Amino acid sequence: MKKIILLFGAIIGAILSSNSIVLMNMMRSNPDYQGNDVLGYATMIIVFSLIYFGVRNYRNKFLEGKIGLWKAFKIGALICFTASTVYVVIGLSYYYLFAPDFIDVYAEYLIRNAAAEHVEAVKTQMANFKEMYSKPMVATLITYMEVLPLGLVVAFISAFIVKKN
């Protein structure tokens with residue numbers, strides 16, 4: 001069980017981290033970069049769908065093809081948590097070591113693309129965000145919240161599909 005959780009969690013976390021690092025660098029190197037939230041979330045859903053294969057693999061190898069919803073969700077959630085932890089460790093390491101100016105770049109991007117009447121609100125929000133992100137524990141929690149909730153939803157859907165009694 002541990003091997004499957006670690007293997008699939010590491011693969012998913014590495015893919016999520018790589019995607020995040022590439023996007024951070026694209027935004028840092030190209031001030032006119034236009035992000036796409038829909039594409040970003042679609043990518044995360046596709047990557048997290050590997051949870052399905054991890055749960056199915058566990059079911060077929062260790063449980064003779066039978067698994068209940070709760071057990072399947074537990075395996076999926078552990079894969080998700082492992083992947084999220086890999087994402088947090090790699091992402092924050094990269095941020096603090098190689099891209100400490102990313103919050104400023106991101107703030108400039110948001111301010112530049114905000115409607116005129118929202119510029120001051122965006123400036124205030126980003127100043128607050130920068131302050132929060134300067135505290136490693138808060139940055140860790142925020143980074144977990146970027147991926148963990150979506151991963152848990154995919155884990156539940158995967159468990160529902162994979163369950164066999």
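Select helices α1 and α2 (residues 37-48) in this predicted model. The two pack at an angle of about 160°, and their axes are 10 Å apart. An angle over 145° counts as roughly antiparallel. That makes α1 roughly antiparallel to α2. Their crossing is right-handed.

Now show side chains at this contact. From α1, pick I12, I15, L16 and N19; from α2, pick T43, M44, V47 and F48. Coloured by class, the contact of α1 with α2 shows six nonpolar residues and two polar ones, with no charged residue.

Keep α1 (residues 2-29) on screen and add helix α3 (residues 50-62). What is the angle at which α1 and α3 pack? It is about 165°, with the axes of α1 and α3 10 Å apart. Helices α1 and α3 are therefore roughly antiparallel to each other. The crossing of α1 and α3 is right-handed.

For the side chains of this second contact, select I4, F8, I11, I12 and I15 on α1. On α3, the residues to select are L50, I51, F53, G54, N57, Y58 and F62. The contact of α1 with α3 has ten nonpolar and two polar residues, and no charged ones. I12 and I15 of α1 deserve a second click: they take part in the contact with α2 and also in the contact with α3.

Next, go to the loop between α1 and α2 and select N30. Is N30 buried, partly exposed or exposed? N30 has a relative accessible area of 35%, so it is partly exposed. To place N30 against a residue further along the chain, add A127, which lies 97 residues away in sequence. A distance drawn between the C-alpha atoms of N30 and A127 should read 22 Å.

Zoom out to the whole chain. It has seven helices and zero strands, so a cartoon view follows the pattern α-α-α-α-α-α-α along the sequence. The C-alpha atoms fill a box of roughly 60 × 30 × 25 Å along the principal axes. Of the 165 residues, 37% are buried. Among contacts between residues at least 6 apart in sequence, 82% join residues at least 24 apart.

Finally, colour by confidence. The mean pLDDT of the chain is 93, and 99% of its residues reach 70 or more. Select helix α4 (residues 69-98) for the highest confidence, at a mean of 97. Then select helix α5 (residues 102-113), where confidence is lowest, at a mean of 88.

Definitions and conventions. Residues are numbered from 1 along each chain as its sequence is written. This is a predicted model: local features need pLDDT of at least 70, side-chain atom pairs count only at pLDDT 80 or more; totals for chains, interfaces and linings use all residues. Side-chain values use heavy atoms; hydrogens and water are left out. Axes are lines fitted to C-alpha atoms, for helices over the stretch in contact, and angles run from 0 to 180 degrees between N-to-C directions. Helices (H or I, at least four residues) and strands (E, at least two) are DSSP runs, numbered from the N terminus. Angles under 35 degrees count as roughly parallel, over 145 as roughly antiparallel, 65 to 115 as roughly perpendicular and the rest as oblique. A crossing is left-handed if the near helix is turned anticlockwise from the far one by less than a right angle, and right-handed if clockwise. Contact means heavy atoms within 4.5 Å. Ala, Val, Leu, Ile, Met, Phe, Trp, Tyr, Cys and Pro count as nonpolar, Asp, Glu, Lys and Arg as charged, and the others, Gly among them, as polar. Buried means under 20% relative accessible area, exposed over 50%, partly exposed in between (1.4 Å probe, protein chains only). pLDDT is the predictor's confidence in each residue, from 0 to 100.
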